[in-house]
Amino acid sequence: MAKSSADDEELRRACEAAIEGTKQKIVMSIRVAKSRGVWGKSGKLGRQMAKPRVLALSTKAKGQRTKAFLRVLKYSTGGVLEPAKLYKLKHLSKVEVIANDPSGCTFTLGFDNLRSQSVAPPQWTMRNIDDRNRLLLCILNIVKDVLGRLPKVVGIDVVEMALWAKENTPTVSAQRNQQHGPVASSVTESDLKVTVERELVSQAEEEDMEALLGTYVMGIGEAEAFSERLKRELLALEAANVHAILESEPLVEEVLQGLEAATNCVDDMDEWLGIFNVKLRHMREDIESIETRNNKLEMQSVNNKSLIEELDRLLERLRVPSEYAACLTGGSFDEARMLQNVEACEWLTGALRGLEVPNLDPTYAKMRAVREKRAELEKLKSTFVRRASEFLRNYFASLVDFMISDKSYFSQRGQLKRPDHADLRYKCRTYARLLQHLKSLDKNCLGPLRKAYCSSLNLLLRREAREFANELRASTKASRNPSVWLEGSSGSSHGSNADTSSVSDAYAKMLTIFIPLLVDESSFFAHFMCFEVPALVPPGGIANGNRGGPYNDDANDDDLGIMDIDENDSKAGKNSADLAALNESLQELLNGIQEDFYAVVDWAYKIDPLRCISMHGITERYLSGQKADAAGFVRLLLGDLESRISMQFSRFVDEACHQIERNERNVRQMGVLSYIPRFATLATRMEQYIQGQSRDLVDQAYTKFVSIMFVTLEKIAQTDPKYADIFLLENYAAFQNSLYDLANVVPTLAKFYHQASEAYEQACTRHISMIIYYQFERLFQFARKIEDLMYTITPEEIPFQLGLSKMDLRKMLKSSLSGVDKSIAAMYKKLQKNLTSEELLPSLWDKCKKEFLDKYDSFAQLVAKIYPNETIPSVAEMRDLLASM
């Protein structure tokens, strides 16, 4: 017989490795086949494909108690055992051998703690009966030892198990803890566990069974005698039974009578119970009907109660408080009543919002009562909006009319009055919340209100600006400066040094007073009239351009505070539609006020055109300070002012250019033209007026002035070509001398300074060359002939050319250099003769001597090369001669 897997030590070690770390000890391990039977089909065992498994019995000591487990292990992909399932033996309730398996090697284990008892438990199939008995015997012994009870055993004879256990007591290997560690010893299985025969059958019962079996064994060899004996005993037993039955007949009769009476009682009871059952069934049906009606009535009562509560809430929404209705339809708009008006507006807004679909169930929205109430609220809204709009239009007009009628609000003769709108804004701010609610009720009503406010306030602002500008011009004393700066006929000291700073100060004062006022009015209007635009002046920003002026100390005293009207309605994002509407309204609010600013600019121009430079810088500074979206019209106003100033200044520049061009039509002119030194004076004065960004304006004027000056200068020079170079060099020199200091600090003038310097050098070179050739014409013509021939023939052939022989050279030298000192003196006199600027003579004479020496040096080199044996005065001798004169 093959060795049982229960004795396989390698299998035991593999099982111990699989449960390593659980502190459990393997008692027995054996290979089995797992399958599942089909329940509900009698006499037939349906199986799935059998799967190899290993069943291992393990124990774990925990204090004084010992726990027992049945482990199911399966083979992994690599053939290594790994735990699959774990059963606690304390829940083992049944051990059943499957009767449908003829071999008797298949059994099931029933546990009372399985979740679903409807699922068929797994069936375990052993290799043979011995392996089955060995495993079941070990399971029963462990359960008996650990739990003190035995599970139910089905399909196997306990006596047969006991006899098998007695015959098969194989030795097993056990581990015992001795003093020096665990050692292996060979013991029998009965030493480890109590045998089944002592557990299942006592010693006395075993002896009786052996004696009984012994008596029968004695006669088994005589089969016929044994059979006869059994027949006799059977007949004796049947006779005894018949006798006992006959003796008990009276008793049987009595029992039958009792049974008959009992049967009658039972029949009566059954009839009564049937009657009671019918009555109870009818009663049950009645009770169910009553309960159904009660449930319906209770549900109807609950629904009615909820409906009444919901209708009460809806009616509360639809109710219009009498005080609010009176306020909305006929209340006063006085300041003392504004709180009640605002509360009524808030209630009306909330009531209208509450009747809209997102806040109201769509089913309610279709109800007739809700539609009628919504129409009633809409009528209240339109009535209130109409009354409030009419009141505010009249209120704005009455405020402005009151201020215009009081002359103390405006500037008067001898007294400049700064406009003060604090009281106006305070009174308007009283109705700011009302405007917020009007916007939430009807956005379209704000258009006429904005127009009414703009129309009324525009009258006030234009009146204030006109009175202020008139008094500002009347109180400013300044002598008029000439508008003709570069006219040739004007004297050089034509009152051009008069101080006109008060003119630009007056313009700056106008801007200092009114630009912050207009910015504040724009900001107040934007927020008061509920435009959703960003703040006009960011925190810490400068809107007034010049913060240090004496008239703007109180520029920001009026705290608008409009954003505090309703903080919940503030929006950070821009609204392009509101911004366009705001710009249109600001145009209506401030339109016409620019005419008074234009009047101040024109007045300042008439007094001193150069003051346009400083006014341009002041305007540019204010313009750069207006960054907010709501200050659009103020930026347009400042831009128009800047354009007006630039236009006036361009007019002045054009007139000055015409004055320069008129010099061209005069008679022959000598010396330095009058507009050159006057331009230097004009440029110096213009530099004094430059402020901020007006540098570009001045540089453009410089460019136009100098371009016209140079063009005119060249045209005048062409009228007399004989003296053109002298005329040009004197004027260009005068231009450089007069603008030397300014050219060092003004880049634009430096550019023209260098241009004049180049023109001066060219004119000097032409004039000096003309004087030199006039005195030494034959000498340098001879040298030019030699230079021309050197391009076509060799130097050795030149002395043999006609007019260039040595004899010709000697004649030319005698005629040109015989009285060279006189010729040089004549050259100096000619240079001095037509020069009107005596201060230029030394530099021009030095240039003339240097130019003559350079030309003579070139001539000497040519003679030494072409006529090596000829002698002429050396360059050093000529230099000494010039130096001595």
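**View 1. What packs over helix 1.** The cover over the buried residues of helix 1 (residues 9-18) includes strand 1 (25-36), strand 2 (51-62), strand 3 (65-75) and strand 4 (81-88). This is a predicted model, where local features need pLDDT of at least 70, side-chain atom pairs count only at pLDDT 80 or more, and totals for chains, interfaces and linings use all residues. Residues are numbered from 1 along each chain as its sequence is written, and side-chain values use heavy atoms, with hydrogens and water left out. Helices (H or I, at least four residues) and strands (E, at least two) are DSSP runs, numbered from the N terminus.

The buried residues of helix 1 are Leu-11, Arg-12, Cys-15 and Ala-18. Looking down the helix axis, these residues fall within an arc of 120 degrees, so they line one face of helix 1; the arc is taken from the directions running from the helix axis to the C-beta atoms. On the face turned away from that buried side sit Glu-10 and Arg-13, both exposed. Here, buried means under 20% relative accessible area, exposed means over 50%, and partly exposed is in between (1.4 Å probe, protein chains only).

**View 2. The cap on helix 1.** At the N-terminal end of helix 1, the cap is Asp-8, with a side-chain oxygen 3.1 Å from the backbone nitrogen of Glu-10. For a polar contact, look for a pair of N or O atoms within 3.5 Å; within protein, one must be able to donate a hydrogen and the other to accept it, and residues adjacent in sequence count only if both atoms are side-chain atoms.

**View 3. Strand 1 and its partners.** Strand 1 runs antiparallel to strand 2, and 9 bridges join them; in this pairing Arg-31 is opposite Val-54. Strand 1 is also antiparallel to strand 7 (residues 122-125), this time through 4 bridges, with Ala-33 facing Thr-125. Two strands count as paired if DSSP finds at least two bridges between them.

**View 4. Strand 7 beside strand 6.** Strand 7 is covered on both faces: Pro-122 and Trp-124 are buried on one side, Gln-123 and Thr-125 on the other. In a regular strand the side chains alternate between the two faces of the sheet. Strand 7 pairs with strand 6 in the antiparallel sense over 3 bridges, and Thr-106 stands opposite Thr-125.

Strand 6 (residues 106-111) is also home to Thr-108, which is buried at 6% relative accessibility. Leaving out neighbours within four places in sequence, Thr-108 is in contact (heavy atoms within 4.5 Å) with Lys-94, Val-95, Glu-96, Ile-98, Pro-122 and Gln-123.

**View 5. Ser-769 on helix 25.** Ser-769 belongs to helix 25 (residues 747-775) and counts as buried, with 16% relative accessibility. Ser-769 touches Glu-851 and Lys-855, not counting residues up to four places away in sequence. Ser-769 and Lys-855 are 86 residues apart along the chain, yet their C-alpha atoms are separated by 9.9 Å.

**View 6. Two cysteines.** Cys-265 is exposed, with a relative accessible area of 51%, whereas Cys-612 is buried at 0%. As for disulfides, taken as a pair of cysteine sulfur atoms within 2.5 Å, the count comes to 0.
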